[in-house]
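User: Could you take a close look at how the helices pack in this one? I'd like a single part walked through properly.

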Amino acid sequence: MKITASQVNELRKKTGSGMMDCKKALVEAEGDMETAIDILRKKGQKVAAKRSDRETGEGLVIAQTNSDASRGYLVVLGCETDFVAKNDSYNELTQSFVKIAMDNNPASLEEFNALKYDDKLTVAEKIIEQVGVIGEKLVLDYKVVDAECVVAYNHPGNQIATIVGLNKNGEEVKVAGKQVAMQVASMAPVALNKDSVSEETIARELEVGKELAIQEGKPAEMADKIAQGRLGKFFKENTLMDQAMFTDNKKSVSQFLQDTDKELTVTGFERISLS
């Protein structure tokens, strides 16, 4: 049957697929719009299966807080190439996922994927559909922080973003929190403080520190003590509250916050980086 340009254009607006893909789908569906949409969705599933082993080192990361700054959202939509990531429509797609997260407050990525994207598709189904449209593997990730005050930071380029929760609120707290959120983006701490570092990580650092000491020719009876010293250095360099502030390396993050308020501290943070 004859497929008109207006039908192709309507399908393109509904799905975002290319003109030729829309025309082929309409021909296969014998002009039925809903069937054509399903055909394009199935194409997305096929493309997703073929590209499942691809790396998604590009994309966009966006951090935002709710109106009273009591919850922060971190949403990343990863793709394969920066050509796709820099497209305006890709930014709009990512922003639409951020809005869904903020409107529905999912507790986990699993809950997020199960949410309705529109009256026909879930978030997970929308991802699959867009894989077919874009032709690249897409991966969604999501983090959330709840606190008395949450500060969001988006590094220029939207390849790195952070959210930081603090135990107090107010304008001065938000200003200080912004500096700490930038610290998290810049220094990539592995934990909040030394008490938050896993036993597995501590055991590994002690083992490596001891082995290095022995390789350096230190006496075996001193290796354990040297390893403990190196563990202390690890805590100072890799836990947020003990790190030196990137703006003033004479102060730790903890000391920096106490300059604003003696009781001010970070209660939690999240960081996502695509680079």
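Analyst: Here's a walk through one helix pair, with a second pair alongside. This is a predicted model, where local features need pLDDT of at least 70, side-chain atom pairs count only at pLDDT 80 or more, and totals for chains, interfaces and linings use all residues. Residues are numbered from 1 along each chain as its sequence is written, and side-chain values use heavy atoms, with hydrogens and water left out.

Let's start with α9 (residues 199–215) and α10 (residues 220–238), whose axes come within 8 Å and cross at roughly 130°. Helices here are DSSP runs (H or I, at least four residues), numbered from the N terminus. Axes are lines fitted to C-alpha atoms over the stretch in contact, and angles run from 0 to 180 degrees between N-to-C directions. The two helices are therefore oblique to each other; angles under 35 degrees count as roughly parallel, over 145 as roughly antiparallel, 65 to 115 as roughly perpendicular, and the rest as oblique. On the α9 side, the contact (heavy atoms within 4.5 Å) includes Thr-201, Ile-202, Leu-206 and Gly-209. From α10, the residues involved include Ala-223, Ile-226, Leu-231, Phe-234 and Phe-235. The contact residues divide into 11 nonpolar, 3 polar and 4 charged; Ala, Val, Leu, Ile, Met, Phe, Trp, Tyr, Cys and Pro count as nonpolar, Asp, Glu, Lys and Arg as charged, and the others, Gly among them, as polar.

Now for α5 (residues 88–104) and α7 (residues 123–134): their axes come within 12 Å and cross at roughly 175°. That makes α5 roughly antiparallel to α7. Tyr-90, Leu-93, Phe-97 and Ile-100 of α5 meet Val-123, Lys-126, Ile-127, Gln-130 and Ile-134 of α7.
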